[in-house]
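Student: Hi, I've got a new structure open. Can you walk me through it?
Tutor: Sure, take a look and we'll start with one helix.

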Amino acid sequence: MENIQTIVFDYDGTLHNSTKIYTDVFRQVYREMEAAGDVPAREFRDEEITKWLGYSVQAMWDEFQPDFTQEKKMFYAGEIGRLMTEKVRNKEAVLYDGALETLQYLKDKGYYLVYLSNCRHAYMDLHSECFGLYNYFDGMYCSGDYEQKPKYEIFHAIKEKYPSEYLMVGDRFHDMEIAQYHKIYTAGCTYGFGSRDEIGMADVLLKDIRDLQKIL
């Protein structure tokens, strides 16, 4: 992975350990859906919930509850967003150990750092405020600003602004497929929420985000 100048980071499952807040919120909103008679009663294992992390809001609800109206999908999506916002503001959200340390290391080395997430703009802003992400990233992009387009399409905007070569760091197939369209390097985070099949074709696998400090 020579001549890399720009490193693009996924957020949930790569820098942010979303399990800490997402699983509880998901279960709470599902209970709301049960009470409203919109879904049958059931219990979820953590891995059944975290598999949705990394999806755009629209894609998640289209697959999770395809029979819901668009209005109902967005209502419950809003409920999840509202409750997660409360948890972030209550300082319940956590980054993976070494995440900010690694970003600072790479910034000091002169790399351009870019945030790319399948999230809404408000979510991106909230976490930026909570963790000071604007102090590390040169650019921040989210699907909410691009009509829920897939990451490989949003990546065109990054290529227009930041120099190659590029390294995409992420834990889901949404991150790895960028390489298929743009022929860039990829680092797959084995500690995240994707399966080994999703990230198996990555150029390098990371067991810890701090592994980047050994590679770059």
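Tutor: The buried residues of α8 pack against β2 (112–117), α7 (151–161), β4 (166–170), β5 (185–189) and α9 (196–199). Contact here means heavy atoms within 4.5 Å, and helices (H or I, at least four residues) and strands (E, at least two) are DSSP runs numbered from the N terminus.
Student: Okay, and what should I know about the model itself?
Tutor: It's a predicted model, where local features need pLDDT of at least 70, side-chain atom pairs count only at pLDDT 80 or more, and totals for chains, interfaces and linings use all residues. Residues are numbered from 1 along each chain as its sequence is written, and side-chain values use heavy atoms, with hydrogens and water left out.
Student: Back to α8: how many of its residues are buried?
Tutor: Seven of the ten residues in α8 (residues 173–182) are buried, where buried means under 20% relative accessible area, exposed over 50% and partly exposed in between (1.4 Å probe, protein chains only).
Student: Which ones are they?
Tutor: His-174, Asp-175, Met-176, Glu-177, Ile-178, Ala-179 and His-182.
Student: And what does Lys-183 do just after α8?
Tutor: Lys-183 takes a positive phi of about 55° there.
Student: New topic: how many aromatic pairs are there?
Tutor: The structure holds 23. Rings of Phe, Tyr and Trp (its six-membered ring) pair if their centres lie within 6.5 Å; planes under 30 degrees apart count as stacked, over 60 as edge-to-face and the rest as tilted. One of the pairs is Phe-9 with Phe-137, edge-to-face at 6.1 Å centre to centre and 70° between the planes.
Student: Where do those two sit in the chain?
Tutor: Phe-9 is in strand β1 (residues 6–9) and Phe-137 in the loop between α6 (121–131) and β3 (139–142), 128 residues apart. Phe-9 and Phe-137 are both buried.
Student: What about Phe-26 and Phe-64?
Tutor: Phe-26 and Phe-64 form a tilted pair, 5.4 Å centre to centre with 50° between the planes. Phe-26 belongs to helix α1 (residues 19–35) and Phe-64 to helix α3 (residues 57–64). Phe-26 has a relative accessible area of 2%, so Phe-26 is buried.
Student: How do α1 and α4 pack?
Tutor: α1 and helix α4 (residues 70–89) pack at about 140°, with their axes 9 Å apart. Axes are lines fitted to C-alpha atoms, for helices over the stretch in contact, and angles run from 0 to 180 degrees between N-to-C directions.
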